[in-house]
Amino acid sequence: KVVASSKDNHPKMPRFNLPAGGTVVRSGPDLVNTDAVSVDEGVKNIMMTTNSLPEGTYQFCITLLAESGAPLTSTGPVCRPFMIVIPDPPTLLTPDDNASIAATTLPTFTWTPVFVTVGVQALYRLTIVPIFQGQTPKNAIEHNSPLFKQAVTASAYFYGPANPPFSNSPGALGFAWQVQAVDASGTPAARNEGKSEVFMFSLKTGPKLS
């Protein structure tokens with residue numbers, strides 16, 4: 001299935017001169033103008049919502065054309081395969097879900113890493129919010145103001161004395177936490193918008209969730 005292709009005779013199709021001999025390096029905008037590209041509507045909708053092509057194996061093909069539109073080479077299009085793989089979001093590790101933590105403990109939050117490319121780890125957004133009476137952890141994450149929200153470069157974060165104390169949320173029955181994996185531009189780097197599941201923990205000296 002062709003998911004995107006150039007409109008070869010479109011007036012906005014990029015054009016440039018090729019010098020005789022040597023190597024020519026061109027960036028994407030030199031070769032592609034979105035007004036001169038036809039994109040499959042079903043794929044376009046997926047790309048708009050996920051900022052990525054669907055997972056799968058693809059071929060990227062280029063044909064060199066003269067200004068008249070006739071092929072310049074006898075070999076036809078030159079193609080190279082590539083794959084789109086969307087990783088799973090982080091899996092939360094510690095504290096365990098429904099853990100009870102001593103009020104004097106400074107916890108370390110850990111989760112599984114996500115890699116945007118081979119050897120390049122994603123960035124992470126760690127969010128901790130209070131849970132109040134009648135709320136589920138997921139509802140709290142979606143609606144409550146965070147006690148703590150910070151970008152983290154590693155798949156672990158020590159919640160130290162300089163961070164907001166949990167006592168800053170009087171009346172909280174516990175705390176929900178979640179991690180979102182993003183790339184360097186802030187775009188989600190995994191399925192489910194890069195978001196992990198939601199875990200919760202409570203303080204041993206405080207009231208417990210029923």
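What follows is a short exchange about a predicted model.

Colleague: What does the numbering and filtering rest on?
Modeller: Residues are numbered from 1 along each chain as its sequence is written, and side-chain values use heavy atoms, with hydrogens and water left out. The model is predicted, so local features need pLDDT of at least 70, side-chain atom pairs count only at pLDDT 80 or more, and totals for chains, interfaces and linings use all residues.

Colleague: Why is the pair D35 and K12 called a salt bridge?
Modeller: The term needs a side-chain nitrogen of Lys or Arg within 4 Å of a carboxyl oxygen of Asp or Glu. The closest N and O atoms of D35 and K12 are 2.9 Å apart, so the pair qualifies. The structure holds seven salt bridges.

Colleague: What makes D35 and K12 a tie between separate parts?
Modeller: D35 lies in the loop between helix 1 (28-31) and strand 2 (37-39), and K12 in the loop between strand 1 (4-6) and helix 1, so the pair ties together parts that are 23 residues apart in sequence. Helices (H or I, at least four residues) and strands (E, at least two) are DSSP runs, numbered from the N terminus.

Colleague: Why is D35 called partly exposed, and D88 exposed?
Modeller: Buried means under 20% relative accessible area, exposed over 50%, and partly exposed in between, with a 1.4 Å probe and protein chains only. D35 is at 39%, so it counts as partly exposed. D88 is at 53%, so it counts as exposed.

Colleague: How do you know that D88 and R191 form a salt bridge?
Modeller: Their closest N and O atoms are 3.0 Å apart. D88 sits in the loop between strand 4 (78-84) and strand 5 (92-94), and R191 in the loop between strand 13 (174-182) and strand 14 (199-203), 103 residues apart. Salt bridges that share partners join E55, D88 and R191 into one network.

Colleague: What makes W111 part of a nonpolar core?
Modeller: Such a core is a set of buried Ala, Val, Leu, Ile, Met, Phe, Trp, Tyr and Cys residues joined through side-chain atoms within 4.5 Å. The largest has 26 residues, and W111 is one of those with the most contacts inside it, together with L126, I128, W177 and F201. Strand 13 gives the most to this core, with four residues.

Colleague: Which residues does W111 touch beyond its neighbours within four places in sequence?
Modeller: Contact means heavy atoms within 4.5 Å. The partners of W111 include P90, L92, Y124, V152, Y157, W177 and V179.

Colleague: How do you know that the peptide bond from T94 to P95 is cis?
Modeller: Its omega is near -5 degrees. P95 is in the loop between strand 5 and strand 6 (99-101).

Colleague: What makes phi of N192 and E193 worth listing?
Modeller: Phi of N192 is near 55 degrees, a positive value in a residue other than glycine. Phi of E193 is near 60 degrees, again positive in a residue other than glycine. N192 lies in the loop between strand 13 and strand 14, and E193 is placed there too. N192 is at 52% relative accessibility, so it counts as exposed.
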